[in-house]
Amino acid sequence: MNLSTILSTLALEYSPSISNTQNADVKGISHDSRTIQAGEVFIALSGGSFDGHTHIDNAISKGAIAVVGEKDRSGDTVPYIRVANSRLALAELAAAFYGFPARKMFVIGVTGTDGKTTTVSLIHHILTSCGIKAGMVSTVNARIGNEVVDTGFHVTTPEAPMIQHILQKMVEANLTHVVIEATSHGLEQSRVAACYFDLGVVTNITHEHLDYHGDYDNYLRSKAKLLEGLLHGAIKTEVPTPTAILNQDDISYQPLQDIISTFSQPIQTKVYGSGKGTHMSAAHIHNLPDGLAFDLVVQGKQYPVRSKLIGEYNVYNILAAISAVHFGCGINLDTAVRTIDTFYGVPGRMEHIDLGQDFQAIVDFAHTPNALKVALETSRNRTKNRVIAVFGSAGLRDKEKRRMMAATSMKNADITVITAEDPRTENLDSILSEMKEEAMENGGIEGKNLFIIPDRGEAIKNAVFLAASGDLVIACGKGHEQSMCFGETEYPWDDRIALRSALASRMGVKGPRMPYLPTQDQ
């Protein structure tokens, strides 16, 4: 596809400066001047601490055949296309380059503060269990049939070119449905633009990422962009009415309904929760030693559900997933319910680590105040003895949640161990000091029910050695993640390996070596 053809397919408003090379074949779309290849179009993105426009000359020297940016520019040897929004241009150009793959599938988007990955995985599991050829893009990985694609070290929606490339591969594999996890950053930065969502699912919208979004209202509006993505007009006329799946019990419910009421075209809204007026709810919830049991209620009829997922909060994830496949994809409720018990969960979400110890050891991804609260409440329900929590709070991120998480742990755990969690370029001691101060204001006594241990491996080991028979140790915040950032360096890290190492050390058995972090040298 040549440059002029790609540009002609887009709805972007741009000021073109294209002449002698407008018919050159485009080999790819790139936003990284370090890895750009000859024949690719370079998109200059701007962010808080970087400006891609300063790398345009480098991109051209490496063979970029055209450049897209937001600033005035002239005198280049290749076409320069000025646009109002480079990130939107990146998404739409990538979609055009890969043949608009999202137009050829039924696209389900899932957003929320907590529960996104589990809900995405549940939807994908139900669809594939029912014989539907479905793919998945989550912050853990992407699945294209039997192929698993790594989407990166840390948890965020991949950039638009990767998403569109993955979607293209799904179309080539004859998949008909795809489920995409959409983070607030991914939505705000247009990474999932041109995905043409047919179904939008919201799990909840609680306190998170306010460092980036400024306040809760802005954060909610970013999440609502998923629902705005349902408004794609006549692009996909063959699909049913676009549908939003909302959680009535969450504080986001009414604000999202208010936003939907302003849309230029109607969308269908289906509601799940525990109260009246829902299209789907749960009753008779029971925590079991190996999962959950409850009755799914739809129009007065009850469907017994059994799940291997731990924690009552997963009832909401299950309700969201079944609502999506039933109301959005037309899957029979009896069929959908039968698939739930064969879903074994998501790596790093309430994942048990068992080396034969006489206490429970769990790794969970809880990294927000609300997620930590429900993880600790779930832990409390799973033991009659002590709950020992290990967690931190990331640097260069929402600072308010540091104190909130420390206070949450003091109220819900018997022993709190505060440690490192991706301090990045921020001073780790300062982060820990903030959290320690709040913990002590909420009853923490250092050396008794509160421990401040900068090295995460040592913190996990300390928690394991503190545990008595029947206790429960839970390491929160990292879950499935495979690295931890100190300064600008990503060090290989996995809480599950660290917990196994600590358990092996305590029990005197062979186990993995504790992963290295620079805090070990201090």
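The crossing of helices α12 and α13 is right-handed, a term used when the near helix is turned clockwise from the far one by less than a right angle, with anticlockwise giving left-handed. Helices (H or I, at least four residues) and strands (E, at least two) are DSSP runs, numbered from the N terminus. The model is predicted: local features need pLDDT of at least 70, side-chain atom pairs count only at pLDDT 80 or more, and totals for chains, interfaces and linings use all residues. Residues are numbered from 1 along each chain as its sequence is written, and side-chain values use heavy atoms, with hydrogens and water left out.

**Stop 1: α12 and α13**

Select residues 369-381 for α12 and residues 400-412 for α13. The two helices pack at an angle of about 15°, with their axes 9 Å apart. Axes here are lines fitted to C-alpha atoms, for helices over the stretch in contact, and angles run from 0 to 180 degrees between N-to-C directions. α12 and α13 are therefore roughly parallel to each other; angles under 35 degrees get that name, those over 145 are roughly antiparallel, 65 to 115 roughly perpendicular, and the rest oblique.

Now show the side chains. Pro-369, Leu-372, Lys-373, Leu-376, Glu-377 and Arg-380 of α12 meet Lys-401, Met-404, Met-405, Thr-408, Ser-409 and Asn-412 of α13, where contact means heavy atoms within 4.5 Å. By class, this contact of α12 with α13 has five nonpolar, three polar and four charged residues. Nonpolar covers Ala, Val, Leu, Ile, Met, Phe, Trp, Tyr, Cys and Pro; charged covers Asp, Glu, Lys and Arg; the others, Gly among them, are polar.

**Stop 2: the six-stranded sheet**

Keep α13 in view and add the open sheet of six strands, whose order is β17-β18-β22-β19-β20-β21, with mixed pairing. Two strands pair if DSSP finds at least two bridges between them. At the edges are β17 (351-352) and β21 (450-452); each has a single partner strand, so one side of each is left without a neighbour in the sheet. α13 packs on this sheet, touching β19 (387-391) and β20 (415-418), and its direction makes about 165° with that of β19.

Next, select β18, residues 360-364, which runs antiparallel to β17 and is joined to β17 by two bridges. His-352 stands opposite Ile-362 in β18.

**Stop 3: the eleven-stranded sheet**

Move to the open sheet of eleven strands, again with mixed pairing: β9-β8-β7-β10-β6-β11-β12-β13-β14-β15-β16. Its edge strands, β9 (147-150) and β16, each pair on one side only. From one strand to the next, the twist averages 20°.

Within this sheet, select β6 (residues 106-111) and β11 (residues 199-202), which run parallel and are joined by four bridges. Thr-111 stands opposite Val-202 in β11.

Then go to β15 (residues 291-298) and β16 (residues 301-307), an antiparallel pair with seven bridges. These strands form a hairpin with two residues between them, and Gln-299 in the turn has a positive phi of about 50°. Val-298 has Lys-301 in β16 as its bridge partner.

**Stop 4: α11 and α10**

Add α11, residues 333-340, which packs on the eleven-stranded sheet and touches β14 (280-288), β15 and β16. The direction of α11 makes about 20° with that of β16.

α10, residues 313-328, packs with α11 at about 140°, the axes being 10 Å apart. That angle makes α10 oblique to α11. Their crossing is right-handed. Ile-318, Ile-322, Val-325 and His-326 of α10 meet Leu-333, Ala-336, Val-337 and Ile-340 of α11. The contact of α10 with α11 has seven nonpolar residues, one polar and no charged.

**Stop 5: α15 and α16**

Select residues 456-466 for α15 and 495-507 for α16; these helices pack at an angle of about 45°, with their axes 9 Å apart. That makes α15 oblique to α16. This crossing is also right-handed. Among the residues in the contact are Ile-460, Val-464 and Phe-465 of α15 and Ala-498, Leu-499 and Ala-502 of α16. The full contact of α15 with α16 divides into seven nonpolar, one polar and four charged residues.

**Stop 6: aromatic pairs**

A search of the whole structure finds three aromatic pairs. Rings of Phe, Tyr and Trp (its six-membered ring) pair if their centres lie within 6.5 Å; planes under 30 degrees apart count as stacked, over 60 as edge-to-face and the rest as tilted. One of the pairs is Phe-97 with Tyr-98, edge-to-face, 4.9 Å centre to centre and 80° between the planes. Another is Phe-486 with Tyr-491, edge-to-face, 6.1 Å centre to centre and 80° between the planes.
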